[in-house]
Amino acid sequence: MKSYRKELWFETKSRRELINITPRVEECLRESGIREGLLLCNAMHITASVFINDDESGLHQDFEEWLEGLAPEKPHSRYRHNGYEDNGDAHLKRTIMGREVVVAVTEGALDLGPWEQIFYGEFDGMRKKRVLVKIIGE
């Protein structure tokens, strides 16, 4: 069995952003040479997420409004976490959206369903953060 590991780095221009990282993950899969196996893709920061969904702008706006309704950024005093930083909401948003995805690799391709894409969700951005891609298989 072979294994492959790569870190993808991101620095968003805004506090919250959703980025389709499917092409970068597919590039990792090509680099790995693995044709059959499993791919793990996870955020390495507690205020960021990796998840699978549709790449549709209306849905992305729905996510923003839904998450903001569940865990509004302000007032910062709402969160007991907010002492040193003002990102209590980002921790909650990450928990809701998830830490990682696992995708089957079949015949050298990501075995995704129709419309499925992999996203990096940033909830406390404007600084460098990373995502781990780990692939195992043959």
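## Rings, a helix and a small sheet

Author: Let's start with two rings: F51 is buried, and F63 is buried too. Here "buried" means under 20% relative accessible area, with exposed over 50% and partly exposed in between, using a 1.4 Å probe and protein chains only. This is a predicted model, where local features need pLDDT of at least 70 and side-chain atom pairs count only at 80 or more, while totals for chains, interfaces and linings use all residues. Residues are numbered from 1 along each chain as its sequence is written, and side-chain values use heavy atoms, leaving out hydrogens and water.

Reader: How many aromatic pairs are there by the ring rule?

Author: Three. Rings of Phe, Tyr and Trp (its six-membered ring) pair if their centres lie within 6.5 Å; planes under 30 degrees apart are stacked, over 60 edge-to-face, and the rest tilted.

Reader: Why is the pair of F10 and Y120 called stacked?

Author: Their centres are 4.5 Å apart, which is within 6.5 Å, and their planes are at 10°, which is under 30, so "stacked" it is. F10 sits in strand β1 and Y120 in strand β7, so the pair ties together parts 110 residues apart in sequence. Both F10 and Y120 are buried.

Reader: And what makes F51 and F63 edge-to-face?

Author: Their planes are 75° apart, over the cut-off of 60, and the centres are 5.6 Å apart, within 6.5 Å. F51 belongs to strand β4 and F63 to helix α2, 12 residues apart. Ring pairs also link F51, F63 and F119 into a cluster.

Reader: How do you know that the charged end of K128 sits over the ring of W9?

Author: The rule asks for NZ of Lys or CZ of Arg within 6 Å of the ring centre and within 35 degrees of the ring normal. K128 meets it, at 5.1 Å from the centre of the W9 ring.

Reader: What makes the span of α2 agree with what it should be?

Author: The expected span is 1.5 Å times one less than the number of residues. For the 14 residues of α2 that gives 20 Å, and its end C-alpha atoms are 20 Å apart, so the two agree.

Reader: Which residues of α2 are buried, and why are they said to be on one side?

Author: H60, F63 and L67 are buried. They cover an arc of only 50° around the axis (taken from the directions from the axis to the C-beta atoms), which puts them on the same side of α2.

Notes. Helices (H or I, at least four residues) and strands (E, at least two) are DSSP runs, numbered from the N terminus.
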